[in-house]
Amino acid sequence: MGNGSSLDSSKTIYLSIAGKTEKIVLSRLCGSRDIHDLIAQAAGVSRYSEITLRDSDGALIPISPSMAKNLPSSPYEVTTTTPSLANAGDGEAFKQVLSQVTEQFTQSPNMDMLRVFKVDEMKLDLTNRINVLERRLELEGLKAVEIEKCRRDISDIKYQILNSQKKVIDFNNMRPMYYTGYYSALSDERKISLKRDVPLYPKYTLSQETVNYLKQPTFDIWDWEPNEMLSLLEHMYHELGLVTEFNINPITLKRWLLCVQENYRNNPFHNFRHCFCVTQMMYGMIHLCKLWEKMSREDLGVLLTSCICHDLDHPGYNNTYQINARTELAIRYNDISPLENHHCAVAFKILSNPECNIFANTDKEVYKRIRAAMTLLILASDMARHGEIMDCFKAKIELGFDYQDKEYLETLKMVLIKCCDISNEVRPMEVSDPWVDCLLEEYFNQSDREKMEGLPVAPFMDREKVTKPTAQIGFIKFVLIPMFETVAQLFPIIDKTMVEPLRIARDRYEHMKETSVPNTSAKKDE
Ligand SMILES: [Zn+2]
């Protein structure tokens with residue numbers, strides 16, 4: 001009996017590997033797989049290689065404990081094949097193991113001992129093979145993730161190249177040199193804080209003329225350097241009595257404003273100058289409407305501070321992009337006003353630094369109220385909520401506006417921040433006109449990126465479809481004029497100071513549209 005004899009003693013097999021004769025000694029406990037692995041080791045190949053043995057006549061010799069002994073003069077010729085990485089290879093290897101197992105159980109070995117050894121050996125072998133397969137599956141999975149990452153990197157690089165080819169206008173030029181604590185609020189690890197203890201932006205002496213002009217919607221916001229804008233904002237807090245109201249440390253006010261400025265990005269539109277514009281318009285409306293007669297100093301502080309914070313760390317791509325591209329912000333805020341939630345979170349992250357907290361000296365209850373009110377106002381600046389907020393406001397006017405009612409005041413404040421946020425067209429043409437280019441530039445950046453990433457593109461952002469007048473006419477007629485007319489019902493002065501300039505702007509764009517040659521006919525003529 002062959003099987004019996006293999007148990008009796010060790011067996012020497014001679015192999016011819018690449019012209020060299022090698023000797024292996026098989027112990028009586030060696031199974032087929034051990035012999036296979038031993039040959040693989042002698043041949044210097046992986047144990048997962050396929051191995052074929054042939055005798056001197058070219059006949060195939062099965063690799064098994066019962067294989068015939070041979071002599072050094074007639075070694076078995078060894079040929080090996082490296083396993084392929086394709087799945088078919090794994091399937092083949094697996095089939096092989098299975099067939100070996102089946103074979104093992106259909107043959108009925110004569111001795112129980114042998115069977116025990118064989119089963120254990122097969123178990124171990126199967127476990128090893130499964131481990132290898134699992135590891136390979138894991139590696140394949142990792143590879144897929146790596147490929148996805150590479151794709152994203154390539155898309156980012158493409159986008160950077162695209163941007164570098166364009167002229168990029170830095171509207172927030174000349175950041176103060178002494179401030180280096182740039183913070184990207186998208187990463188939570190970094191804390192917002194100032195590097196220098198006391199900010200030293202030059203103290204500007206504002207002329208009486210400037211101080212009066214600052215209260216007008218006609219104020220030229222392009223005339224001022226970033227440092228000057230900081231001084232003008234600082235002045236507003238002093239002039240409105242907010243420094244006294246909240247017992248603000250004047251140095252804290254400077255530090256806070258610097259920190260806010262540092263956390264606006266250099267977007268074509270949503271930058272620190274936009275923040276300044278919105279705040280200046282709010283300051284103008286507070287004076288035009290004498291809002292201190294209708295609301296508290298605390299309310300005025302909430303209005304002004306919300307304007308300053310309302311677009312903090314804006315990335316230059318709107319909510320639709322955030323949601324469609326499934327950005328970190330969209331995920332964090334579950335697609336619900338991701339940007340506005342972020343602006344607000346950054347605002348309070350800045351205020352969480354005691355050295356930048358302008359409300360540090362207010363008591364807990366006041367701080368709580370301010371926080372709730374600011375959150376409400378910043379979240380109201382999402383244009384997706386325009387209809388809802390305007391309907392609520394109009395309903396309250398129809399009922400007879402009650403300035404004593406907290407809810408009425410909240411709605412009014414929401415409408416006021418909305419007005420200021422989109423008030424560029426209220427300004428004189430020389431001031432408002434460059435903003436349209438800035439906005440279109442930011443829109444085109446977004447639509448270019450959306451096209452590159454295969455995301456939906458809004459027609460009003462598409463450089464192929466939009467012109468300056470078409471972009472503005474609908475917006476002025478259907479959003480701006482109705483909104484300011486509604487506010488004018490409560491504050492009649494708004495009609496002359498804000499609605500009238502809007503009508504002029506609308507007429508100007510309509511004239512521009514009539515006189516400009518449409519793109520399509522221009523192409524036909526060529
Ligand atoms: Zn804004």
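**Figure 1. Helix H16, tucked into the rest of the structure.** In this predicted model, 13 of the 16 residues of H16 are buried, so the helix is largely enclosed by what surrounds it. From its first C-alpha to its last, H16 reaches 23 Å, close to the 22 Å expected at 1.5 Å a residue. Look at the start of the helix, too: a side-chain oxygen of aspartate 405 comes to within 2.7 Å of the backbone nitrogen of glutamate 407.

**Figure 2. A salt bridge within H16.** Here the side chains of lysine 406 and glutamate 410 pair up, N to O, at 3.4 Å. Both residues sit in helix H16, four residues apart, or about one turn of the helix. That spacing fits a simple rule: an α-helix has 3.6 residues a turn, so residues three or four places apart point the same way. Are the two partners buried or exposed? Lysine 406 is exposed, because its relative accessible area is 63%, while glutamate 410, at 24%, counts as partly exposed.

**Figure 3. A buried salt bridge between H16 and H10.** Lysine 413 forms a salt bridge with aspartate 299, and their closest N and O atoms are 2.8 Å apart. Lysine 413 belongs to helix H16 (residues 406–421) and aspartate 299 to helix H10, so this pair ties together parts that are 114 residues apart in sequence. Both lysine 413 and aspartate 299 are buried.

**Figure 4. The zinc site.** Which residues hold the zinc ion? The protein donors are His274 and His310, each through NE2, plus Asp311 and Asp421, each through OD, and they lie 2.0 to 2.2 Å from the ion. Along the chain, the donor residues follow the spacing H-x35-H-D-x109-D. Histidine 274 is in helix H9 (residues 272–288), whereas histidine 310 is in the loop between helix H10 (297–309) and helix H11 (319–324), so the two histidines tie together parts that are 36 residues apart in sequence. Don't expect a textbook geometry: the four donor atoms subtend angles of 84 to 171° around the zinc ion, and the arrangement is therefore irregular. For reference, the ideal angle for four tetrahedral donors is 109.5 degrees. Both histidines are tucked away: histidine 274 counts as buried at 1% relative accessibility, and histidine 310 counts as buried at 0%.

**Figure 5. Glutamine 322 and its neighbours.** Glutamine 322 is part of helix H11. Its relative accessibility is 4%, so glutamine 322 counts as buried. The side chain of glutamine 322 makes a polar contact of 2.6 Å with the side chain of threonine 327. Leaving aside residues up to four places away in sequence, glutamine 322 touches Pro315, Tyr317, Thr327, Leu329, Ala330, Pro338 and Leu339.

**Figure 6. A salt bridge linking H17 and H18, and a network elsewhere.** Side chains of opposite charge can pair when their charged atoms come close. The structure holds 24 salt bridges, and one of them joins the side chains of aspartate 433 and lysine 468 at 3.1 Å, N to O. Aspartate 433 is in helix H17 (residues 429–452) and lysine 468 in helix H18 (residues 468–490), so the pair ties together parts that are 35 residues apart in sequence. With a relative accessible area of 22%, aspartate 433 is partly exposed. Some salt bridges also share partners, and these join Arg33, Asp37, Arg47 and Asp125 into one network.

Terms used. Residues are numbered from 1 along each chain as its sequence is written. This is a predicted model: local features need pLDDT of at least 70, side-chain atom pairs count only at pLDDT 80 or more; totals for chains, interfaces and linings use all residues. Side-chain values use heavy atoms; hydrogens and water are left out. Donors are N, O and S atoms within 2.8 Å of the metal (3.2 Å for Na, K and Ca); water is not among the atoms, so sites may look incomplete. Four donors count as tetrahedral if all angles lie between 85 and 135 degrees; four count as square planar and six as octahedral if opposite donors are over 155 degrees apart and all others between 65 and 115; anything else is irregular. Buried means under 20% relative accessible area, exposed over 50%, partly exposed in between (1.4 Å probe, protein chains only). A salt bridge is a side-chain nitrogen of Lys or Arg within 4 Å of a carboxyl oxygen of Asp or Glu. A polar contact is a pair of N or O atoms within 3.5 Å; within protein, one must be able to donate a hydrogen and the other to accept it, and residues adjacent in sequence count only if both atoms are side-chain atoms. Contact means heavy atoms within 4.5 Å. The expected span of a helix is 1.5 Å times one less than its number of residues.
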